[in-house]
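Here's a quick briefing to read alongside the structure. Have the viewer open and click along as you go.

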Amino acid sequence: MENTQTNAMPRIGDKAPEFKAVTTQGEINFPADYSGSWVILFSHPADFTPVCTSEFMTFASMEAQFAKANTKLVGLSVDGLYSHIAWLRTIKEKIEYKGMKNVEVNFPLIEDITMSVAGKYGMMMPGESSTKAVRAVFFIDPKGIIRTIIYYPLSLGRNFQELYRVVVGLQTADAFSVALPADWQPGDDVIVPTAGSCGVAKQRMESKEEMKCYDWFFCTKKLDKEKVLSTILKK
Ligand code: BEZ
């Protein structure tokens, strides 16, 4: 029989699959416990491995930065709780890496020895490994909808500046009803939706808003960095 645990693959726009789990911070009921916040739910292949350690130290060092953008972190691997606890203690007590030391991981790390959560989220990719989750990253909005998914293989650590850019970008696109061009960063021009009707086109021509159009389907406008950051980041 086909192993559906490894094959289920939630998609962008789906409701985040529900689960209850034991974590290093107690039990969680996902995504209900996170209603009203953005969440990054991510998997790592295994405790006590080097790439994962570098990632956890980076994530933990950026936790406050993500929190300011109303974003909580939840990690997962198919290891057990005592392994998680021992690994996080080792990180705090022993590892100094790239200027990070004494790093405490305060966000929950899910134990998933049965692979039930990993299965629901398509984190097991047998072609890569049948015993370890790949590096999956799910960005889930305050209503529990999956908004972005990024997967990395076992051998490549994630780019955390990009993960943060995704959080800020999704929130900016929502708050200002715009789309964001390649490599967008706060302060860069944003894309205004193509006018779908004469009414919208007329309104746009009459508005004082300055736009730059590269063609009829590709127009941008300025969006102040301060306006973006003051809308998205908590005071
Ligand atoms: C690592 O995090 O270093 C790692 C984990 C599993 C396989 C390969 C590398």
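How do the residues of the shell around the ligand divide into nonpolar, polar and charged? They split into five nonpolar, one polar and two charged. Keep in mind that this is a predicted model. The protein chain has 235 residues, and its domain assignment gives domain 1 (4-158) and domain 2 (177-232).

**The ligand and its shell**

- Around the ligand you'll find Pro45, Thr49, Pro50, Val51, Cys52, Lys132, Arg135 and Leu154.
- Helix 2 (residues 50-61) is the top contributor here, giving three residues to the shell.
- Thr49 offers a side-chain N or O atom that sits 3.0 Å from an oxygen atom of the ligand.
- With Cys52 it's the backbone that does the talking: one of its polar backbone atoms is 2.9 Å from a ligand oxygen.
- Arg135 brings in its side chain, where an N or O atom lies 3.1 Å from an oxygen atom of the ligand.
- On its own the ligand has 260 Å² of accessible area, and the protein covers 79% of that.

**Around Thr49 and helix 2**

- Look for Thr49 in the loop between strand 3 (38-43) and helix 2.
- Thr49 has a relative accessible area of 23%, so it counts as partly exposed.
- If you want a distance to check, the C-alpha atoms of Thr49 and Thr131 are 14 Å apart, with the two positions 82 residues apart along the chain.
- Ser54 is in helix 2, and its side chain reaches the backbone oxygen of Val51 at 2.6 Å.
- Why does Ser54 count as buried? Its relative accessible area is 19%, and the cut-off for buried is under 20%.

**The chain as a whole**

- Secondary structure comes to eight helices and 10 strands in the protein chain.
- Measure along the principal axes and the C-alpha atoms fill a box of roughly 65 × 50 × 30 Å.
- The centres of domain 1 and domain 2, taken over C-alpha atoms, lie 34 Å apart.
- Buried residues make up 43% of the 235 in the protein chain.
- Take the contacts with a separation of 6 or more: 68% of them are between residues 24 or more positions apart.
- The protein chain exposes about 12600 Å², and 54% of that is supplied by carbon and sulfur atoms.

**Thr172 in helix 6**

- Thr172 has its place in helix 6 (residues 160-176).
- Is Thr172 buried or exposed? Thr172 is buried, because its relative accessible area is 0%.
- Leaving aside residues up to four places away in sequence, Thr172 touches Ser177, Val178, Leu180, Trp184, Leu223, Val228 and Ile232.

**Arg89 in helix 4**

- Arg89 lies in helix 4 (residues 81-94).
- Arg89 has 48% relative accessibility, so it counts as partly exposed.
- Arg89 and Asp215 are 56 Å apart in space, C-alpha to C-alpha, and 126 residues apart in sequence.

**Backbone oddities**

- As a rule, most residues other than glycine have a negative phi, and most peptide bonds are trans.
- Phe30 and Pro31 are joined by a cis peptide bond, with omega about 0°.
- Pro31 sits in the loop between strand 2 (26-30) and strand 3.
- Asn70 isn't a glycine, yet its phi is positive, at about 55°.
- You'll spot Asn70 in the loop between helix 3 (63-68) and strand 4 (71-77).
- Asn70 is partly exposed, because its relative accessible area is 21%.
- Asn102 also has a positive phi, near 55°, in a residue other than glycine.
- Asn102 belongs to the loop between helix 4 and strand 5 (109-111).

Key: Residues numbered from 1 in each chain as written. Predicted model: local features only at pLDDT ≥ 70, side-chain atom pairs only at ≥ 80, totals over all residues. Heavy atoms only, no water. Near = heavy atom within 4 Å. Polar contact = N/O pair within 3.5 Å; in protein donor to acceptor, adjacent residues only side chain to side chain. Areas by Shrake-Rupley, 256 points an atom, 1.4 Å probe, with all protein chains shown as cover. Helix = DSSP H or I, 4+ residues; strand = E, 2+ residues; numbered from the N terminus. Nonpolar A, V, L, I, M, F, W, Y, C, P; charged D, E, K, R; others polar. Domains from an automatic or database assignment. Buried < 20%, exposed > 50% of the residue type's maximum accessible area, 1.4 Å probe, protein only. Contact = heavy atoms within 4.5 Å.
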